[in-house]
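Colleague: Please take a close look at one part of the surface of this model for me, then work inward from there. Keep it informal, and don't skip the residue-level detail.

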Amino acid sequence: MRKKFVVITAVVVFALIIALSACGGKDENIEFPEMKEYSLTEGSGSHVADVPYDEYLQAPVFTDGIYWVSAKDTGASPDKSAAENTAALQAAIDKASAEGDGKGAVEVSGGVYYTGTLYMKSGVTLYIAEGSALKLPDYDDCTAAEKRALLNGALIRAEGVNDWKIVGPGKLDGNGTDYTNESENPTKNLPQETFNLKQKVLSYRERLRNRKSEEFGCNLIYARSCKNVSLYNLVLYEPSTWTVKLELCDGVSVSHVVIDNNIYVANSDGFDICCTSNVNIERCFIATGDDGIVLKSNVGEIKNVTVKDCEIMSLANNFKIGTETGYDVSHVSVSDCYFFTAEIAGGYSGIAVESADGANISDVTVTDINMNNVPSAILIWLGCRLDKGNGSDGTVGSIDGVTIKNVYAKDVDIAGAVVGCKYKSAVYPVKNVTLDNINIAYRECNEDLNIYNGSDALHANMSGYPEITRVSHSYLISHELSVYYDMPVYGLYLYNAENVRATSFNVIARSVNTRPFTNAGLYDERDGIVNSSVSSDN
């Protein structure tokens with residue numbers, strides 16, 4: 001018999017385990033919208049094969065009165081070395097800044113220009129024409145002693161400069177594959193015929209491409225302490241680390257940007273919004289091997305971030321707040337997005353909201369999200385990782401006020417979770433979470449589960465690294481030696497949560513499922529029943 005828990009409220013919860021609405025196999029009562037099916041390139045499948053460039057890139061539009069400088073006029077050429085082009089391209093940027101009176105623009109056209117780090121200036125537009133690119137030189141060229149100064153952490157670097165833009169439809173190319181080692185297992189990580197959590201993690205990790213040298217990891221764009229930044233109509237390709245890092249900036253507009261990364265390059269996040277406020281990211285396609293869009297507050301607060309109408313493939317979290325969270329995060333909105341993993345297994349959560357280092361996170365709204373082949377739909381984690389730096393002042397933060405509505409996630413492998421922590425004998429619950437119209441269907445396959453059967457909390461503490469695979473994870477020296485437990489329910493796991501309200505939370509289990517869809521119990525560490533309030537309509 002199908003049972004649906006329409007309203008769930010947990011008050012002062014020390015450990016609540018519950019699954020909401022369940023049945024095995026196909027359920028015609030949940031109508032999933034049609035979702036795009038992307039594939040990967042041949043061989044190892046390092047890139048999305050069918051990136052929809054035409055749907056995202058547009059003809060550039062410029063206003064009158066721009067003072068134009070051609071990079072060729074200052075000596076840049078696709079036929080010259082990276083060292084020669086670095087000097088010539090920088091001369092073009094400097095000239096546009098000095099003579100453009102806030103409306104200078106540099107045109108890069110006619111092919112691929114190898115270059116080292118370029119420094120943006122205030123009031124400059126860098127225009128990369130269709131079919132043209134700025135590209136970092138090969139790793140061996142940059143590590144030679146006489147050429148080490150070519151790179152300074154990014155292809156484009158901007159510090160303390162305002163009102164600048166980078167416009168395409170051309171490309172910034174980080175040459176990231178050449179800066180990373182081959183994968184231990186360079187084959188496609190196909191979905192498991194029998195799901196096993198630990199093997200899933202290990203299979204993902206053995207396909208990572210790690211950097212040859214930490215010294216030469218380069219963002220495509222790094223901006224610090226800048227105001228009024230615009231990235232428009234641009235292709236960002238294959239960095240060796242985070243693609244775009246925006247740190248302590250104010251006023252960022254990103255639209256019609258395509259990130260096309262090697263999905264096995266480790267730490268290749270899409271957009272890292274680091275202590276930056278008043279950000280709008282809209283109409284972007286992101287395919288990357290780590291977090292798609294991620295907010296980090298290790299040196300300052302974040303507020304007023306909007307993400308809308310984006311397609312995001314990630315082998316980590318499609319949208320994430322965390323992990324570095326020492327300062328507050330508020331007023332975040334994500335809507336009308338498609339989160340996916342093409343063809344292979346991988347990834348963690350579609351939506352991850354994490355405070356691990358003391359941040360107060362509030363007023364987060366995520367609506368109208370479709371997910372395909374993302375392992376878990378939702379993770380909300382309030383942890384106490386207070387000795388790892390990341391801006392922590394040694395006090396536990398809070399998550400208070402998260403609304404997630406209208407989610408359709410198919411082919412998941414792992415239950416969602418809302419988890420708080422206990423620190424120095426005090427309980428710090430996640431508060432005031434609304435989950436409305438959440439629809440989830442598991443990927444149909446066999447299961448090889450290692451379900452935790454202890455009577456206390458599923459996990460001993462929340463002082464580790466937050467991911468959905470680590471909600472029930474005991475780390476022992478290495479991932480190979482670690483223990484991975486499966487949650488005892490397949491719907492939603494709640495631990496240290498207060499006032500969690502779920503309206504129409506629907507889950508279709510695997511046909512081989514053995515876990516209960518309803519297992520509601522409130523336990524403290526002494527295995528005693530504590531205060532609870534759970535209401536439902538059957």
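Modeller: Start with the nonpolar patch on the surface: L476, I477 and L481 make it, and it covers about 330 Å². Of these residues, L481 sits in strand β35, which runs over residues 478–484. Bear in mind that this is a predicted model.

For the wider setting, the protein chain exposes about 19,900 Å², with carbon and sulfur atoms supplying 44% of that area. The chain has 538 residues, and 59% of them count as buried. Strands dominate the element count, with 37 of them next to four helices. Take the contacts between residues at least 6 apart in sequence: 80% of these join residues at least 24 apart.

Now go inside. The largest nonpolar core has 147 residues, and the members that touch the most other members are L134, W164 and F271. Strand β24, residues 329–340, gives this core its largest share, namely seven residues. What does W164 touch, leaving aside its neighbours within four places in sequence? Its contacts are M120, K121, V124, A158, I221, A223, C226, N228, V229, S230 and L231. So the list for this tryptophan includes a lysine, an asparagine and a serine as well as nonpolar residues such as V124 and L231, going by contacts within 4.5 Å.

Two of those partners, I221 and A223, turn up again around K245. That lysine is in strand β15, residues 244–247, and it touches N219, I221, Y222, A223, D272 and C274 once residues up to four places away in sequence are set aside. Is K245 buried or exposed? At 18% relative accessible area it is buried, because the cut-off is under 20%.

P169 is another spot to click on. It lies in the loop between β10 (164–167) and β11 (171–173), and at 14% relative accessible area this proline is buried too. Outside its own stretch of four places either way, P169 touches L57, Q58, P60, I128, E130, N233 and V235. Have a look at A129 as well: its C-alpha atom is 5.9 Å from that of P169, though the two residues are 40 apart along the chain.

On to the charged pairs. The model has 23 salt bridges. One of them joins the side chains of R211 and E214, with 2.5 Å from N to O. The two ends of this pair sit in opposite surroundings: R211 is buried at 17% relative accessible area, whereas E214 is exposed at 61%.

Compare that with K320 and D291, whose side chains meet in a salt bridge at 3.4 Å, N to O. K320 belongs to strand β23 (residues 319–325) and D291 to the loop between β19 (285–288) and β20 (293–297), so this bridge ties together parts that are 29 residues apart in sequence. Here both partners are buried.

The salt bridge between D413 and R510 has its closest N and O atoms 2.3 Å apart. D413 is in the loop between β28 (398–412) and β29 (416–419), R510 is in the segment after β37 (497–508), and the pair links these distant parts of the chain across 97 residues. Both ends are buried by their relative accessibility, D413 at 10% and R510 at 1%. This pair doesn't stand by itself, either: D413 and R510 are linked with R443, E447 and R515 in a network of salt bridges.

Last, the cysteines. How many disulfides does the model have? The count is zero. C384 is an example of a cysteine that is in no disulfide, and the nearest cysteine sulfur to its own, that of C421, is 4.1 Å away. A disulfide needs sulfur atoms within 2.5 Å, so C384 and C421 don't make the cut. C384 is buried, at 6% relative accessibility, and C445 is buried as well, with 8%.

If you want a route through the viewer, begin at L476, I477 and L481 on the surface, drop into the core at W164, and finish at the salt-bridge network that includes D413 and R510.

Notes
Residues numbered from 1 in each chain as written. Predicted model: local features only at pLDDT ≥ 70, side-chain atom pairs only at ≥ 80, totals over all residues. Heavy atoms only, no water. Helix = DSSP H or I, 4+ residues; strand = E, 2+ residues; numbered from the N terminus. Buried < 20%, exposed > 50% of the residue type's maximum accessible area, 1.4 Å probe, protein only. Areas by Shrake-Rupley, 256 points an atom, 1.4 Å probe, with all protein chains shown as cover. Patch = residues over 30% accessible without salt bridge, like charges linked within 9 Å, V, L, I, M, F, W, Y side chains within 5 Å. Salt bridge = Lys/Arg side-chain N within 4 Å of Asp/Glu carboxyl O. Core = buried A, V, L, I, M, F, W, Y, C linked by side-chain atoms within 4.5 Å.
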